[in-house]
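Please open the structure in a viewer and keep the sequence panel beside it. The tour below moves from one selection to the next and says what is found at each stop.

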Amino acid sequence: MQTLTPSPARVSFRLLFALPVIVSALGFFVDVYDMLIFSIVRVPSLQSLGLSEAEVSHAGTFILNCQQAGLVIGGFLWGALGDKRGRMSVLFGSIITYSLTNIACGFVQDVNTYAVLRFLAGVGLSGEIGAAIVLVSEILPKEIRSYGSSIVAGIGYLGAGVAYLTVEYFNWRMAFWVGGGMGVALLLLRVSVFESGIFNRMKTEHTQVSRGNFLYFFSSWPQAIKYLRCVAVGIPTWFIVGILATFANEFGQALGIEEVVKPGRCVMMIYVGLAGGDLLSGPLSHWLQSRLKAITGLLLFSALLSGIYLFGGIHTTGGLYTVCLLAGFCTGYIAMFLTMVAELYGTNLRNTATTSVPSVVRGTLIPMTLLFQALKPSMGALMAAGLLGVVVYGLSFWSLSRMDETFGKDLDFVE
């Protein structure tokens, strides 16, 4: 059996609990855990290596940027592989890569080794979510496709909460080992998941079609703009996580909050919110009969809450954590965002697009952190982040206003 697509008259929500959907959700759960674990343990892990407070900020930025660079490179590699060899090849290869490197992170003794391992972990982590969303989108009927994507993202983002709790009860080294161990265990479940029927048909019926060619996205100006708009729509997610949450301790000081703000807790609250928002985004998109309307609505509230976070006069850690939770909820449009990307591209390029786009989005954190660090000395942390937010959200709204609606689109086509 290679497809879950029944006749339209017999579409059942029970298909949402099929093994490929559940395994994809658990895979993204481990992916989120392993991707966010450094942001959560950044301060205690670097302090344990003997770094001062100033060195922690700069070294943490350097290591995080190495991870994000790995995510960008891996997105292209796994994306092309998924369209050439199949969605399942990506899911196996990416899990092995990030699981082993996360286990190795638990043994690091210096910043440079830490950075290299986070780069390799980033390469591995970049393959999971794109391949999972493509697989679920292709095996489910279009009538419930958005619900399947929401389940994958909603369950997946809870991995950040588990990562935070692991750090609360164990040391940072054990947190890395737990994440790597979960990935290895997940490989056993992957064995039972079948390949996408749409992909298999494409291999037999369109043998002359180029597959996994990333250069196609830049073969013409309209194609390049289409791809870059997809990237721009996702950038606010990493502004929220990579700037507002990761440097929350600095924002807490700038706001005059007496108690120390824990960046790890901010990350956890945002991702719990993301889980709730993504579970809502699928039904919301179905109710509105539109991907664009659902994403635009959530993004508007995300921008509002980012402004409140920075300039709302918050004076307690509890207030800041609450805003993080709400901001995460309103930024929980990732499931619909990636489903929309999958629907925009043909089967021969779908995995390349859906895997590389979020990886490039993650990579934009590199210029965002560099710009934030460059502006901070003259403008202060709050104003530097505020200016960055205006640019990020402005690009996203502009891109959304010029994108095609994909709700209910048939995915059995090639470019």
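How much space lies in the largest cavity? The largest cavity holds about 200 Å³ of space. A cavity is a set of points, on a 1 Å grid over the protein atoms alone, where a 1.4 Å probe fits but cannot get out. Its volume is the space filled by probe spheres set on the points, with grid points joined across faces, edges and corners.

Before the first selection, two notes on the model are needed. This is a predicted model, in which local features need pLDDT of at least 70 and side-chain atom pairs count only at pLDDT 80 or more, while totals for chains, interfaces and linings use all residues. Residues are numbered from 1 along each chain as its sequence is written, and side-chain values use heavy atoms, with hydrogens and water left out.

**Stop 1: the largest cavity**

Select Y157, T237, W238, I334 and R362, which lie nearest the centre of the largest cavity among the 19 residues that line it. A lining residue has an atom within 4 Å of a point. Next, colour helix 1 (19-48), helix 10 (221-245), helix 12 (263-288), helix 15 (334-344) and helix 16 (350-363), each of which supplies at least two residues of this lining. Helices here are DSSP runs (H or I, at least four residues), numbered from the N terminus. Helix 1 gives the largest share of the lining, 5 residues. By class, the lining has 15 nonpolar, 2 polar and 2 charged residues; Ala, Val, Leu, Ile, Met, Phe, Trp, Tyr, Cys and Pro count as nonpolar, Asp, Glu, Lys and Arg as charged, and the others, Gly among them, as polar.

**Stop 2: helix 15 and its surroundings**

Select helix 15 in full: 11 of its 11 residues are buried, where buried means under 20% relative accessible area (1.4 Å probe, protein chains only). Its buried residues pack against helix 5 (128-139), helix 6, helix 10, helix 12, helix 13 and helix 16.

Then move to S149 in helix 6 (residues 145-156). S149 has 0% relative accessibility and therefore counts as buried. Leaving aside neighbours within four places in sequence, S149 is in contact (heavy atoms within 4.5 Å) with I133, V136, S137, A335, M336 and T339. Of these partners, A335, M336 and T339 are among the buried residues of helix 15.

**Stop 3: aromatic rings**

The model has 20 aromatic pairs. Rings of Phe, Tyr and Trp (its six-membered ring) pair if their centres lie within 6.5 Å, and planes over 60 degrees apart count as edge-to-face. Select W172 and F176: their ring centres are 6.2 Å apart and their planes stand at 85°, so the pair is edge-to-face. Both residues lie in helix 8 (residues 172-190), 4 residues apart, about one turn of the helix. W172 is buried at 8% relative accessibility, and F176 is buried at 0%.

A further edge-to-face pair is formed by Y333 and F337, with 6.5 Å from centre to centre and 75° between the planes. Y333 is buried at 0% relative accessibility, and F337 is buried at 3%.

Now select F76, F214, Y216, F217, F218, Y227 and Y345, which form one aromatic cluster. Add K226, whose charged end sits over the ring of Y345, 4.2 Å from its centre. A charge sits over a ring if NZ of Lys or CZ of Arg is within 6 Å of the ring centre and within 35 degrees of the ring normal. Elsewhere, the charged end of R350 sits over the ring of F413, 5.5 Å from its centre.

**Stop 4: the largest pocket**

How much space lies in the largest pocket? The largest pocket holds about 340 Å³ of space; a pocket is an open set of points with protein on both sides within 12 Å along at least five of seven lines. Select E53, N249, Q253, V260 and V261, the closest to its centre of the 18 residues that line the pocket. Helix 1, helix 2 (53-85) and helix 11 (248-254) each give two or more residues to this lining. By class, the pocket lining has 7 nonpolar, 5 polar and 6 charged residues.

**Stop 5: two single residues**

Finish with A254, in helix 11, and Q289, in the loop between helix 12 and helix 13 (291-311). A254 counts as partly exposed (from 20% to 50%), at 42% relative accessibility. A254 and L310 are 56 residues apart in sequence and 9.4 Å apart in space, C-alpha to C-alpha. Q289 is partly exposed at 46% relative accessibility, and its phi is near 55°, a positive value in a residue other than glycine.

Definitions and conventions
Rings of Phe, Tyr and Trp (its six-membered ring) pair if their centres lie within 6.5 Å; planes under 30 degrees apart count as stacked, over 60 as edge-to-face and the rest as tilted.
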